[in-house]
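Colleague: I'm in my first year and still learning to read protein models. Could you take one part of this structure and walk me slowly through the charged pairs on it?

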Amino acid sequence: MTQHIRRVGEGRESVLSFVRPSEPDLGANALNLVYQAAEVFSDMEDRARETEARARSMCKAATERLLSAEARSEAADRARRAIIAEAECKLQDASRALRQAELQITAAEDRATATELRAQLAEAKAREAVEALALVEEAIRRRFCASSSTEKKLNAAA
């Protein structure tokens with residue numbers, strides 16, 4: 001019993017109908033079935049090649065995006081390292097400047113303290129000089145007063 005396969009289209013589906021052909025068409029029908037099967041296999045191979053081509057294309061695009069992302073990541077990492085190195089240099093410069101400023105402040109404070117001590121010493125010497133001068137003036141006054149009273153007594157006695 002041989003059967004003939006015929007496609008009947010209903011909406012989106014293809015339905016195969018099995019119809020019993022007449023005897024003389026058996027060879028032609030068998031050959032027709034072989035051609036149909038070959039066409040189905042050919043369509044399947046075409047779809048498989050298209051699917052494989054799409055998959056390769058998607059893999060290639062994904063690989064390119066991955067390589068691009070890796071390059072951007074490496075560039076960002078290099079930029080980050082450069083920024084960190086620059087920041088470290090600036091921080092070291094700032095630390096050196098701070099230490100230098102602290103040394104200068106300490107030196108200025110030491111100079112100010114030394115100047116203040118010299119000023120206090122000068123003030124003490126000036127007070128001593130004023131006191132000595134006052135003593136000298138007092139001694140001179142006493143001496144003049146004593147000599148003028150001695151002269152008056154001598155003049156009065158004469």
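Modeller: Happy to; here is a short look at the whole model, followed by a walk along its helix.

Please keep in mind that this is a predicted model. The protein has one helix and two strands, and from the N terminus on they come in the order β-β-α. Of the 158 residues in the protein, 2% are buried. The accessible surface comes to about 14000 Å², and carbon and sulfur atoms hold 59% of that. Among contacts with a separation of 6 or more, 23% join residues 24 or more positions apart.

Before we look at any pair, let's ask where the model can be trusted. The mean pLDDT of the protein is 86, with 80% of the residues at 70 or more. Confidence is highest in helix α1, at 93, and lowest in strand β1 (residues 4-10), where the mean is 44. Over residues 1-13 the pLDDT stays under 50, although the model does have 31 contacts there beyond four places in sequence. Where pLDDT is low, the predicted coordinates should not be read in detail. We will therefore spend our time on α1, the element with the highest confidence.

Helix α1 covers residues 26-157, and Y35 is one of the residues in it. Is Y35 buried or exposed? Its relative accessibility is 54%, and exposed means over 50%, so Y35 counts as exposed. Together with L31 and V34, Y35 forms a nonpolar patch on the surface. The accessible area of these three residues together is about 320 Å².

Now to the charged pairs you asked about. Side chains of opposite charge can pair when their charged atoms come close. How many salt bridges does the structure hold? There are eight, and we can visit three of them in the order of the sequence.

One of them joins the side chains of R49 and D46, with 2.4 Å from N to O. Both residues lie in α1, three residues apart, which is about one turn of the helix. R49 has a relative accessible area of 48%, so it is partly exposed. D46, at 30%, is partly exposed as well.

Further along, R56 and E52 meet in a salt bridge, with 2.7 Å from N to O. What separates R56 and E52 along the helix? They are four residues apart in α1, so about one helical turn lies between them. Here the two partners fall into separate classes of accessibility: R56 counts as exposed at 57%, while E52 counts as partly exposed at 39%.

The last pair on our walk is D77 and R80, whose side chains meet in a salt bridge of 2.4 Å, N to O. They too lie in α1, three residues apart, or about one turn of the helix. D77 has a relative accessibility of 26% and therefore counts as partly exposed. R80 has a relative accessible area of 43% and is also partly exposed. This pair has company: D77, R80 and R81 are linked in a network of salt bridges.

To put the picture together, follow α1 from its nonpolar patch onward. Y35 is in the helix and shares a surface patch with L31 and V34. After that come the bridges between R49 and D46, between R56 and E52, and between D77 and R80. In the model, try finding R81 too, as it belongs to the network with D77 and R80.

Note on methods:
Residues are numbered from 1 along each chain as its sequence is written. Side-chain values use heavy atoms; hydrogens and water are left out. Buried means under 20% relative accessible area, exposed over 50%, partly exposed in between (1.4 Å probe, protein chains only). Contact means heavy atoms within 4.5 Å. Accessible areas come from the Shrake-Rupley method with a 1.4 Å probe; for residues, only the protein chains shown count as cover. Patches are made of residues with over 30% relative accessible area and no salt bridge: like charges are joined within 9 Å, nonpolar side chains (Val, Leu, Ile, Met, Phe, Trp, Tyr) within 5 Å. A salt bridge is a side-chain nitrogen of Lys or Arg within 4 Å of a carboxyl oxygen of Asp or Glu. pLDDT is the predictor's confidence in each residue, from 0 to 100.
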